[in-house]
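Reader: I have a model open and want to go through the strands, the salt bridges and the helix packing. Can you take my questions as they come?

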Amino acid sequence: MKRKVVIITDCTDVAYLEIRGAIYSNTDSDDFEIEPIVKVEDFNITNVSFLVRLIAEIYPEGTLINVVVHPSQLRGERIVGKTERKGIIFEGTNTGAFGWLLKDFGCREVYELYDMGFVPFGGKYVHAPAVGKILSGCPLEKLGNLLQISMVKDIERSDGTILHIDNFGNIKFVGNVKGKNGDKYTIIIGKKKFQAIYWERMMERNDGELVIYPGSSFLYPEIGIVRGNAAKILKIKWSDKVICIKSNGDCTYENREVAFHERK
């Protein structure tokens, strides 16, 4: 099997092809495959951290994960390393993108790339060439100086933190919500309260119902609207916190367009 290269980025126009092209132009190997883009919510390092962890879990040993997302004011270290578990190679800026990965997979080695100074579009002119060299067989220690593992940043993942919103508007968040089919929950988001029902397979419910259910990613819970878009209808923002409390509320819905009861 050819080595898999996964690019996680919020650069989704021609810039993505520039990154791919720069990788191809900086390697003499053809023993790899660049996977389709993993689109990140713009500037969202929490989402990046989740997606890095998600890809590492499902992809084969030796996969190379290249992250091109950098919204910080500070330039930050450009790093490359390898995990203990599965030998996943990670490359990108030290923004917090890799902290969750290393917490769960361990770290065999990590280096700060030799400093080229500031260049516009580092994803193309710094990170992609580094990836190309790795694919050509260059040892990681030849790319930079040893970095203490403790220097690799992580992001905050407290209860209620939104990790991902998928294209159906389902919301994955940090929490420990367990129940049985039919349990009722009050979902609090900011100053808004919604009534939801717990159900293991949400698609068994009626159109428009607001459901909380065990998710597909590390068993974190999700909330969604049956055959509707919860993020849009509930007007969810990435900065919101999701609080779920068991309740005896009415879990019916007003109509097929508005899939929840809002409590003042």
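**Strands, charges and packing**

Author: In this predicted model, Glu 112 has Asn 145 in strand E8 as its bridge partner.

Reader: Which sense does the pairing of E7 and E8 have, and over how many bridges?

Author: Antiparallel, over three bridges, with E8 covering residues 144-146.

Reader: What stands opposite Glu 112 in E5?

Author: Ile 79 stands opposite Glu 112. Strand E5, residues 78-83, runs antiparallel to E7, and five bridges join the two.

Reader: Why is E7 largely enclosed by the rest of the structure?

Author: Strand E7 spans residues 107-113, and five of its seven residues are buried, so the rest of the structure largely encloses it.

Reader: Switching to charges. How many salt bridges does a search of the whole structure find?

Author: The search gives 18. One of them joins Asp 104 to Arg 53, where the closest N and O atoms are 2.7 Å apart.

Reader: Where do Asp 104 and Arg 53 lie?

Author: Asp 104 is in helix H3 (residues 99-105) and Arg 53 is in helix H2 (residues 45-58), so this pair ties together parts 51 residues apart in sequence.

Reader: Is Arg 53 buried or exposed?

Author: Buried, at a relative accessible area of 7%. Asp 104 counts as partly exposed, at 30% relative accessibility.

Reader: And what does Arg 85 form a salt bridge with?

Author: With Glu 57; the closest N and O atoms in that pair are 3.5 Å apart. Arg 85 sits in the loop between E5 and strand E6 (89-93) while Glu 57 belongs to helix H2, so the salt bridge ties together parts 28 residues apart in sequence.

Reader: How accessible are those two, Arg 85 and Glu 57?

Author: Arg 85 is partly exposed, with a relative accessible area of 35%. Glu 57 is partly exposed as well, at 34%.

Reader: Got another one, say for Asp 183?

Author: Asp 183 forms a salt bridge with Lys 246, with the closest N and O atoms 3.4 Å apart. The two come from distant parts of the chain, 63 residues apart: Asp 183 is in the loop between strand E10 (171-173) and strand E11 (184-189), and Lys 246 is in strand E15 (residues 242-247). Asp 183 is buried, with a relative accessible area of 12%.

Reader: Back to the pairs with shared partners. Which residues do they join into one network?

Author: Arg 53, Glu 57, Arg 85, Lys 103 and Asp 104 are joined by salt bridges that share partners.

Reader: Helices next. At what angle do H1 and H4 pack?

Author: About 40 degrees, with the axes 7 Å apart; H1 is residues 14-25 and H4 is residues 122-135. The two helices are therefore oblique to each other, and their crossing is right-handed.

Reader: Which residues of H1 and H4 meet there?

Author: From H1, Glu 18, Ile 19, Ala 22 and Ile 23. They meet Gly 123, Lys 124, Ala 128, Val 131, Gly 132 and Leu 135 of H4.

Reader: Is Ser 25 buried or exposed?

Author: Ser 25 lies in helix H1 and counts as exposed, at 63% relative accessibility. From Ser 25 to Ile 245 the C-alpha to C-alpha distance is 53 Å, and the two are 220 residues apart in sequence.

Reader: And Ser 49, buried or exposed?

Author: Ser 49 is buried, with a relative accessible area of 0%. This serine is found in helix H2.

Reader: What is Ser 49 in contact with, leaving aside neighbours within four places in sequence?

Author: Gly 96, Ala 97, Trp 100, Ile 155 and Arg 157.

Reader: Last topic, E14. How many of its residues are buried?

Author: Five of five, with the strand covering residues 221-225. Pro 221, Ile 223 and Ile 225 point one way, and Glu 222 and Gly 224 point the other way.

Reader: Which residue stands opposite Glu 222?

Author: Lys 172 does. Strand E10 runs antiparallel to E14, with two bridges joining them.

Reader: How many bridges join E13 to E14?

Author: Five; E13 is residues 210-214, and the two strands run antiparallel. Ile 212 has Ile 223 as its bridge partner in E14.

Reader: What do E13 and E14 form?

Author: A hairpin with six residues between the strands, and Phe 218 in the turn has a positive phi of about 60 degrees.

Note on methods. Residues are numbered from 1 along each chain as its sequence is written. This is a predicted model: local features need pLDDT of at least 70, side-chain atom pairs count only at pLDDT 80 or more; totals for chains, interfaces and linings use all residues. Side-chain values use heavy atoms; hydrogens and water are left out. Buried means under 20% relative accessible area, exposed over 50%, partly exposed in between (1.4 Å probe, protein chains only). Helices (H or I, at least four residues) and strands (E, at least two) are DSSP runs, numbered from the N terminus. Two strands pair if DSSP finds at least two bridges between them. A salt bridge is a side-chain nitrogen of Lys or Arg within 4 Å of a carboxyl oxygen of Asp or Glu. Axes are lines fitted to C-alpha atoms, for helices over the stretch in contact, and angles run from 0 to 180 degrees between N-to-C directions. Angles under 35 degrees count as roughly parallel, over 145 as roughly antiparallel, 65 to 115 as roughly perpendicular and the rest as oblique. A crossing is left-handed if the near helix is turned anticlockwise from the far one by less than a right angle, and right-handed if clockwise. Contact means heavy atoms within 4.5 Å.
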